Amino acid sequence: MARLYADEDFPFPVVEELRSLGHDVLTIQEDGKANRGIPDEDVLSAARTYIRAVLTMNHRDFVRLHMESSVHSGIVTCTYDLEFERQARRVHETIEQYETLEGELIRVIRGAP
């Protein structure tokens, strides 16, 4: 199972469901860094320090960071889905295909209902 670091915009119900699927997810709120306007670069750096892949809805900025350097513990970007359980399953099924998330940029998109 994956070690993930959910940024501020990631829905907590999805985090809870990912945990129930066996993933170790730390949120930025639980890390004491919420509501500080922490730059994405620092979020990625914190995740790397914790050896966790970033879990985010912020595709554009994290793709840019990945293009600047793939030296990170992984980035998983998602499109928003109001069906939180379905979104968590989609994330789970996608990341389970990887032996390691290290240096990977993974896109999880909302599919048809």
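Here is a short chat about the salt bridges in this predicted model.

Visitor: How many salt bridges does the count come to?
Guide: The count comes to 10 salt bridges in this predicted model.

Visitor: OK, what does E30 form a salt bridge with?
Guide: R19 is the partner of E30, and their closest N and O atoms are 2.6 Å apart. The pair links distant parts of the chain, 11 residues apart: R19 belongs to helix α1 (residues 12–20), while E30 is in the loop between β2 (24–27) and α2 (40–49).

Visitor: And is E30 buried or exposed?
Guide: In between: E30 counts as partly exposed because its relative accessible area is 42%. R19 is partly exposed too, at 30%.

Visitor: Switching topic, which side chain does D81 meet in a salt bridge?
Guide: That would be R90, with an N to O distance of 3.3 Å.

Visitor: Why does R90 count as buried?
Guide: R90 has 18% relative accessibility, and buried means under 20%, so R90 makes the cut. D81 is buried as well, with a relative accessible area of 2%.

Visitor: What about E85, where does that one lie?
Guide: E85 lies in helix α4 (residues 84–95), and so does R89, four residues along, about one turn of the helix. Their side chains meet in a salt bridge at 3.2 Å, N to O.

Visitor: How accessible are E85 and R89?
Guide: E85 is partly exposed at 48%, and R89 is partly exposed at 35%.

Visitor: Last one: which residues do shared partners join into one network?
Guide: R3, D24 and R52 are joined that way, through salt bridges that share partners.

Methods: Residues are numbered from 1 along each chain as its sequence is written. This is a predicted model: local features need pLDDT of at least 70, side-chain atom pairs count only at pLDDT 80 or more; totals for chains, interfaces and linings use all residues. Side-chain values use heavy atoms; hydrogens and water are left out. A salt bridge is a side-chain nitrogen of Lys or Arg within 4 Å of a carboxyl oxygen of Asp or Glu. Helices (H or I, at least four residues) and strands (E, at least two) are DSSP runs, numbered from the N terminus. Buried means under 20% relative accessible area, exposed over 50%, partly exposed in between (1.4 Å probe, protein chains only).
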